[in-house]
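Biologist: Could you go through this one with me? I'd like to hear what stands behind each term you use.

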Amino acid sequence: MSRPTINCDLFVIGSGMAGMAAALFAAGRGINTVQAGMSSELAYASGLLDLMAVHPVRESRIWDDPWAGIDALIRDIPDHPYAHIEKADIRQALDEFMAFLNSAGLPYKADTDHNSRVITSVGTVKPTYCVPGSIWNVVRALQEKQPCLLVDFRGLKGFSARQIKEMLRENWPSLQTARFSFPSHAPELYTEHMARELEKPEICEKLAEKIFPYVEDARVVGLPAVLGITRTEEVVSNMEKFLNVPVFEIPTMPPSVPGMRLKRIFETGLPKLGVKPLLQQKVRYVKSSKSTGDLIFEVGPSDSRTTVCAKGVILASGRFFGKGLYSDRNSVYETIFNLPVHQPDTRSLWHRKDLFDTRGHLISRAGLETDEFLRPIDKSGRPAYNTLFAAGSVLAHQDWMRMKCGAGLAIATASHAVNSFLKIKSSLS
Ligand SMILES: Cc1cc2nc3c(=O)[nH]c(=O)nc-3n(C[C@H](O)[C@H](O)[C@H](O)COP(=O)(O)OP(=O)(O)OC[C@H]3O[C@@H](n4cnc5c(N)ncnc54)[C@H](O)[C@@H]3O)c2cc1C
């Protein structure tokens, strides 16, 4: 039986933040694109889009101006992936990404010259760049220390309004809390289920009726991020009408509803832009065509395998969770092309003794080294393949979790990789 073969200009490997962004930018530039990927970090992510907030990590220095933070970062770590990208191009990529989300009904907001401060489910204050519209009201409320009612739910694990209040005692003294039973009955509460239930106007109204008597002189109400998955704007607006004050969401522990919203928007939106998805399909083998130089992949399970033949590839396969990197007892490997991975010389250097060491762990900076076009390099320092580019957390010399640059890095490098593909392709033709 012959296998289906798909010919395309660009094959994006990965359906996390970087893969989705790469597919979006490629479709926006009219590139015939196929995308494969399995589960990613997207559904676990907070939904906040960090650009650059902490550097140097050992000093936990926080940057209000992410662009100045990027300048300092590149000065100190000239191999950081941001060093390959002009700041104007990073801005452009973020603007394009936000424009897509806005047009898809998931608006994001940013003060484009400053990081904004939001609160987390453990009661810390987090600087970030782009904020979902449903969270945005907290930025001003926190800044002005507005009287605020924080709501939580009996049976919802990992989210305690009282704990948040306790942690924020000094930063935000005017917080009050109230706990409610969720209006629709379920033995255990899960955020995704709650979000879907709150899309039913009668459930939203029932909840608002419970909360309303507690609002009193609060000027804003904060809830865990459960205000809808597919119709968040509508649910937030209904809740605000019922309560007669602005509301905001606080991202919960993973899996996180704001992350699920992003995943859904991309999975439904990208095919409409012409991206051919091969989602939940693993890329198994790759070879290079001697005659055309194209890269040829075998994708999917053995009983329904697809061959993908691509002029260019963006590898957005993530780190250990995404399975772009793999480690045994001795070494870290790249899983699809077996590319060289920049990593500490010995395993004993992977982790520092103290798990919470403020400098982080060297293993977190392992990954692919590239040229200025984001082409992974081979052992001789030359591009491993002419038209193979890498984006997102698979790249070396960054520790997105500690530097607080996860989504920004994914989006900016995805955009740069797509632009590089177009440049290299035109130079080859
Ligand atoms: C709990 C959590 C909270 C976060 N919070 C924030 C936050 O507050 N702010 C922020 O900016 N960022 C946050 N992030 C990070 C951010 O959302 C991204 O997850 C991160 O930038 C990495 O994205 P990525 O696309 O590079 O990798 P991943 O999300 O790991 O995606 C890798 C993709 O490659 C695919 N893949 C790998 N190998 C193959 C193969 N052989 N065949 C097919 N597909 C393959 C995987 O299936 C997956 O789809 C958070 C992440 C997590 C986990």
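Modeller: What follows is a walk through the domains, strands, ligand site and backbone details, with the cut-offs given as we go.

Modeller: Ground rules: this is a predicted model, local features need pLDDT of at least 70, side-chain atom pairs count only at pLDDT 80 or more, and totals for chains, interfaces and linings use all residues. Residues are numbered from 1 along each chain as its sequence is written, and side-chain values use heavy atoms, with hydrogens and water left out.

Biologist: Which domains does the chain have, and how do you know the bounds?

Modeller: Domain 1 takes in 5-103 + 260-428, and domain 2 is 136-250. Those bounds come from an automatic or database domain assignment. The C-alpha centres of domain 1 and domain 2 are 35 Å apart.

Biologist: What makes strand β7 "mostly covered"?

Modeller: Buried means under 20% relative accessible area, exposed over 50%, and partly exposed in between, with a 1.4 Å probe and protein chains only. In β7, residues 148-153, 6 of 6 residues are buried. C148, L150 and D152 point one way and L149, V151 and F153 the other way, and all are buried. The strand itself is a DSSP run: strands are E with at least two residues, helices H or I with at least four, numbered from the N terminus.

Biologist: Which strands pair with β7, and what makes them count as paired?

Modeller: Two strands pair if DSSP finds at least two bridges between them. β7 and β8 (residues 175-180) have 6 bridges in the parallel sense, so by that definition they pair. Within that pairing, D152 has R179 as its bridge partner. From β7 the chain goes through helix α5 (residues 161-167) to β8 in a right-handed β-α-β crossover. Right-handed here means that, with the strands pointing away from the viewer, the path from the first strand over the helix to the second runs clockwise. β9 (residues 220-224) also runs parallel to β7, joined by 3 bridges, with V220 as the partner of C148.

Biologist: Why is β14 called largely enclosed?

Modeller: Because 9 of the 10 residues of β14 (residues 306-315) are buried. β14 pairs with β1 in the parallel sense over 8 bridges, where L10 stands opposite G312. On β13 (residues 295-299) the sense is antiparallel, with 5 bridges to β14, and F297 is partnered by V308. β13 and β14 form a hairpin with 6 residues between them, and G300 in the turn has a positive phi of about 100°. β17 (residues 388-390) pairs with β14 in the parallel sense over 3 bridges, including V313 with L388.

Biologist: How many residues surround the ligand, and what counts as surrounding?

Modeller: There are 32, and the closest are M38, E41, S46, V283 and A407. A residue counts as near if one of its heavy atoms lies within 4 Å.

Biologist: What makes the contact with K126 polar?

Modeller: A polar contact is a pair of N or O atoms within 3.5 Å; within protein, one must be able to donate a hydrogen and the other to accept it, and residues adjacent in sequence count only if both atoms are side-chain atoms. An N or O atom in the side chain of K126 is 3.4 Å from a ligand oxygen, so the pair fits that cut-off. A backbone N or O atom of A18 is 2.9 Å from a ligand oxygen, and a polar backbone atom of S39 is 3.2 Å from one. Taken alone the ligand exposes 1000 Å², and the protein buries 92% of that.

Biologist: Why is S15 called buried?

Modeller: S15 has 10% relative accessibility, so S15 counts as buried. S15 sits in the loop between β1 (5-13) and α1, and its side chain reaches the backbone oxygen of M38 at 3.0 Å.

Biologist: What makes some backbone spots worth flagging?

Modeller: Most residues other than glycine have a negative phi, and most peptide bonds are trans. A cis peptide bond joins H55 and P56, with omega about -10°, and another joins P254 and P255, with omega about -5°. K145 has a positive phi near 50°, and K323 has one of about 80°.

Biologist: K145 and K323: buried, partly exposed or exposed?

Modeller: K145 has a relative accessible area of 40%, so K145 is partly exposed. K323 is exposed because its relative accessible area is 55%.

Key. Accessible areas come from the Shrake-Rupley method with a 1.4 Å probe; for residues, only the protein chains shown count as cover.
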